[in-house]
Amino acid sequence: MINREIFLCSICNVSSGDCPEDCKYCTQSAHYGAQIQRYKFKSIDKILKEARTLREYGALGFCLVTAGRSLESDKCEYIAKAAQAIKEANLNLHIIACCGSADLDSLKYLKKNGVDSYNHNLETSKAFFSHICTTHTWIERFETCENTLKAELGLCSGGIFGLGESWGDRIELLKHLQILSPHSSPINFYIANEALPLPMQTLSQEEALECVQLAREFLPNTRLMIAGGREAVFGNYQKPLFEAGINAVVLGDYLTTDGKAPKDDVAMIESYGYIAATNCH
């Protein structure tokens, strides 16, 4: 019997922009001057308000995302406080943190304070990574994923397709994700932006679907979450994504780009014959 449940997750960009890293795909990098909102440490009250709103639309996952290379001590304390506040509000949300490279002790501290999972994407293959980022290494990313597992947090790790990588790079990325065996893997398609140094190209729907199908082959038991770029590639008809193996969706807005209104996303998913999952398992 086909599982018709779709896990809904939402992103809360709690500290935006002015990142010192030079990732060529990212509008939050200070190197490229993209026109985005920039702020440091959104108020806990505002985070709670967003969490309540998204929960009402059926979101089960709530991801606290910060710009920057790593999980420094002040950022770690802030995320811990935000996670505690969400837990105390009894919203029954699976809390994810996404704060860059992290050591084992910091990740254990987040777990102790209410964080359930940590998101750190490998983004692309080890060989191709230096073509899209020079300020940190792919190895640093992989080690953070290993630290996440050692801290006994859930691991959420995926990548971006359409950065100029080859099919061989895509397979290598998926092989390394297969080694990590994340419980959830975000599938992103590059969103072209004039401020960024990558070509102004968007994947075709056919190629994007092949990426999803390949990811499902390599990660048969992982929750495949369609994230950034789904609207840019598929517009308002996204049913083929679910038929190709997607069983989780980022609901609402992304980090620096707008998504559809949550109620419209839910209505779209239901129109395809799927329903929102009611628990995390």
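**Notes on the structure: cysteines, aromatic rings and one helix**

1. Let's start with a cysteine. Cys-99 is buried, and its relative accessible area is 0%. Keep in mind while you look around that this is a predicted model. Does Cys-99 have a bonding partner, and which cysteine comes closest? The closest cysteine sulfur belongs to Cys-98, but at 6.6 Å from the sulfur of Cys-99 it is too far for a bond.

2. That leads to the wider bookkeeping. A disulfide is a covalent bond between the sulfur atoms of two cysteines. How many disulfides turn up here? The count comes to zero. Cys-98 is in no disulfide either: the nearest cysteine sulfur, that of Cys-63, is 5.0 Å away. The cut-off used for a disulfide is 2.5 Å between the sulfur atoms, so a gap of 5.0 Å does not qualify. Cys-98 is buried too, with a relative accessible area of 17%, and the limit for calling a residue buried is under 20%.

3. Now for two positions that come from a record. UniProt, in an unreviewed entry, places the feature "binding site" at Cys-63 and Cys-156. They are spread over 94 residues of sequence, yet they cluster in space, with a largest C-alpha distance of 10.4 Å. Try finding both in the viewer and you can check how the chain brings them together.

4. Take Cys-63 by itself. You will find Cys-63 in strand 2, which covers residues 61-66. Is Cys-63 buried or exposed? Cys-63 counts as buried, at 6% relative accessibility. Setting aside neighbours within four places in sequence, Cys-63 is in contact with Ser-10, Ile-11, Cys-12, Ile-96, Ala-97 and Cys-98. So Cys-98 shows up again, this time as a contact of Cys-63.

5. Cys-156 sits in strand 5 (residues 154-156). Cys-156 is buried as well, with a relative accessible area of 8%. What does Cys-156 touch, apart from its neighbours within four places in sequence? The contacts are Tyr-118, Asn-119, His-120, Asn-121, Ser-184 and Pro-186.

6. On to the aromatic rings, where the count comes to six aromatic pairs. One of them is Trp-138 with Phe-142, a stacked pair with 5.3 Å centre to centre and 15 degrees between the planes. Both residues lie in helix 5 (residues 138-150), four residues apart, about one turn of the helix. An α-helix has 3.6 residues a turn, so residues three or four places apart point the same way. Trp-138 and Phe-142 are both buried.

7. Another pair, Phe-242 with Tyr-272, is tilted: the centres are 6.1 Å apart and the planes are at 50 degrees. This pair links distant parts of the chain, since Phe-242 is in helix 9 while Tyr-272 is in the loop between helix 10 and strand 10 (275-276), 30 residues apart. Phe-242 is buried, at 5% relative accessible area, and Tyr-272 is buried at 10%. The two also belong to one aromatic cluster with Tyr-237 and Tyr-274.

8. Some rings have a charged group over them. The charged end of Arg-223 sits over the ring of Phe-7, 3.9 Å from its centre. Similarly, Arg-170 lies over the face of Trp-167, at 4.4 Å from the ring centre.

9. Helix 10 (residues 262-271) is a nice one for learning to read a helix. Its buried residues are Pro-262, Asp-265, Val-266, Met-268 and Ile-269. Why do these sit on the same side of helix 10? They cover an arc of only 160 degrees around the axis, which puts them on that one side. The face turned away from the buried side carries the exposed residues Lys-263 and Ser-271. Which elements cover the buried residues of helix 10? They include strand 1 (5-15), helix 1 (44-56), helix 8 (230-234), helix 9 (239-243) and strand 9 (248-250). Just after helix 10, Gly-273 takes a positive phi of about 90 degrees.

10. One last stop, back in helix 5, which holds Glu-146. Glu-146 counts as partly exposed, at 33% relative accessibility. In sequence, Glu-146 and Leu-180 are 34 residues apart, but in space they are 7.4 Å apart, C-alpha to C-alpha.

How values were computed:
Residues numbered from 1 in each chain as written. Predicted model: local features only at pLDDT ≥ 70, side-chain atom pairs only at ≥ 80, totals over all residues. Heavy atoms only, no water. Buried < 20%, exposed > 50% of the residue type's maximum accessible area, 1.4 Å probe, protein only. Helix = DSSP H or I, 4+ residues; strand = E, 2+ residues; numbered from the N terminus. Arc of directions from axis to C-beta. Contact = heavy atoms within 4.5 Å. Phe/Tyr/Trp six-rings, centres within 6.5 Å; stacked < 30°, edge-to-face > 60°. Lys NZ or Arg CZ within 6 Å of the ring centre and 35° of its normal. UniProt positions renumbered as here; feature names shortened; annotations may be inferred.
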